[in-house]
Amino acid sequence: MRLLRLAEEWAGGPVEPRNLLPIDVRIVAEQLLGLKYDEREELREDSTDPGRRVVVGKLDRETKTITVSGRQSKAARRYAGAHEIGHYEMHPQLVNLHEKPIEGGQQRAVSLPIEREAQEFAAEFLMPDKLVRELFYERFGRAMGPADIDENVAHYLSVGRHLVPSQVRAMEPVDRAKLFANATTFWGVHFPSMTEGFGVSCEAMAYRLFELGLVK
Ligand SMILES: [Zn+2]
């Protein structure tokens, strides 16, 4: 991982990969890829025309600039930035790109293959497979399916509401994964939630946990 090498260079010694979390999108863009990385409150297709559509992110390959709309949550801004880095790295044919907001959230199926690739890139970039597994196993011990949900587990997954095991077992796997993504205590041990640790939305984290087979 190039980011790890850079961090070790700065630190002048070995760095634990987990200490890179949450992955710093700006540092990767600026220091590793030599891009300009901007956040702008008002981001439209054409900055001189206030009537034009609002966009969530922009990639301008000629000026080597990624711009992300500041009018979204921190997690969504990070995701949008990582998505543009994905296009920059994988799709040299995209020269000047404006991203429309994706209706219904980040994980909603997008039709164009390049858009899917950029979404996958962003997920892997912000939530690296190895680190997600490591932190999940550390917190919960093993992959979790419906059969693992007993009284105790349901109790630890109940953040702000009381859940009984049958409710959790009956959920769609991605919804069950949201509970694990947001959990901050398990068997009496406190920790930052996976969502917080990776600096992503609960939905993005949950989908990643599901995709990696950590929550079934
Ligand atoms: Zn895109």
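Glu203 is found in helix α10, which covers residues 202-211. The model described here is predicted. Because Glu203 has 18 C-beta neighbours inside 10 Å, this residue counts as partly exposed; a buried residue would need 20 or more. From Glu203 to Pro146 the sequence separation is 57 residues, and the C-alpha to C-alpha distance is 19 Å.

Helix α10 also takes part in covering another helix. In α8 (residues 173-182), the buried residues are Arg176, Ala177, Lys178, Leu179, Phe180 and Ala181. The cover over these buried residues of α8 includes α5 (129-140), α6 (151-157), α7, α9 (194-198) and α10.

Helix α7 spans residues 165-170 and contains Gln167. With 15 C-beta neighbours inside 10 Å, Gln167 counts as partly exposed. Gln167 and Arg78 lie 89 residues apart in sequence, and their C-alpha atoms are 33 Å apart in space.

**Overall form**

The protein has 10 helices and 6 strands. Its C-alpha atoms fill a box of roughly 55 × 45 × 30 Å along the principal axes. For 216 residues, a compact globule would have a radius of gyration near 17 Å; the value for the protein is 19 Å, which agrees. Of the 216 residues, 31% are buried. Among contacts with a separation of 6 or more, 64% are between residues 24 or more positions apart.

**Two domains and the core between them**

The domain assignment divides the protein into domain 1 (2-126) and domain 2 (129-211). The centres of domain 1 and domain 2, taken over C-alpha atoms, are separated by 27 Å. Contact between the domains involves 14 residues of domain 1 and 11 residues of domain 2. On the side of domain 1 that touches domain 2, α3 (74-90) and α4 (113-126) each supply at least two residues. Helix α3 gives the most to this side, with 4 residues. By residue type, the side of domain 1 that touches domain 2 consists of 8 nonpolar, 3 polar and 3 charged residues.

The largest nonpolar core holds 46 residues, and those with the most contacts inside it are Tyr79, Ala122, Leu126, Phe180, Val200, Met205 and Leu209. Helix α3 gives the most to this core, with 7 residues. Since domain 1 (2-126) and domain 2 (129-211) both give residues to this core, it lies between them. Phe180, one of the residues with the most contacts inside the core, is also among the buried residues of α8.

Helix α3 itself is mostly covered, with 13 of its 17 residues buried. At 1.5 Å a residue, these 17 residues should span 24 Å, and the end C-alpha atoms of α3 are 24 Å apart, which agrees.

**Backbone features in the loops**

Most residues other than glycine have a negative phi, and most peptide bonds are trans. Three loop positions merit attention against that background.

A cis peptide bond joins Leu21 and Pro22, with omega about -15°. Pro22 is placed in the loop between α1 (2-11) and α2 (25-32).

Lys64 is not a glycine, yet its phi is positive, near 50°. Its position is in the loop between β2 (57-60) and β3 (65-69). Trp187, likewise not a glycine, has a positive phi of about 50°. Trp187 lies in the loop between β5 (185-186) and β6 (189-190).

Lys64 and Trp187 fall into the exposure classes listed below, together with the two helical residues treated above.

| Residue | C-beta neighbours inside 10 Å | Exposure class |
|---|---|---|
| Lys64 | 14 neighbours | partly exposed |
| Trp187 | 10 neighbours | exposed |
| Gln167 | 15 neighbours | partly exposed |
| Glu203 | 18 neighbours | partly exposed |

The class of Trp187 follows from the cut-off, because a residue with 12 or fewer such neighbours is exposed and Trp187 has 10. Lys64, with 14 neighbours, counts as partly exposed.

Note on methods: Residues numbered from 1 in each chain as written. Predicted model: local features only at pLDDT ≥ 70, side-chain atom pairs only at ≥ 80, totals over all residues. Rg over C-alpha atoms; globule rule 2.2 N^0.38 Å. Contact = placed C-beta atoms within 7 Å. Domains from an automatic or database assignment. Nonpolar A, V, L, I, M, F, W, Y, C, P; charged D, E, K, R; others polar. Core = buried A, V, L, I, M, F, W, Y, C linked by C-beta atoms within 7 Å. Expected span 1.5 Å × (residues − 1).
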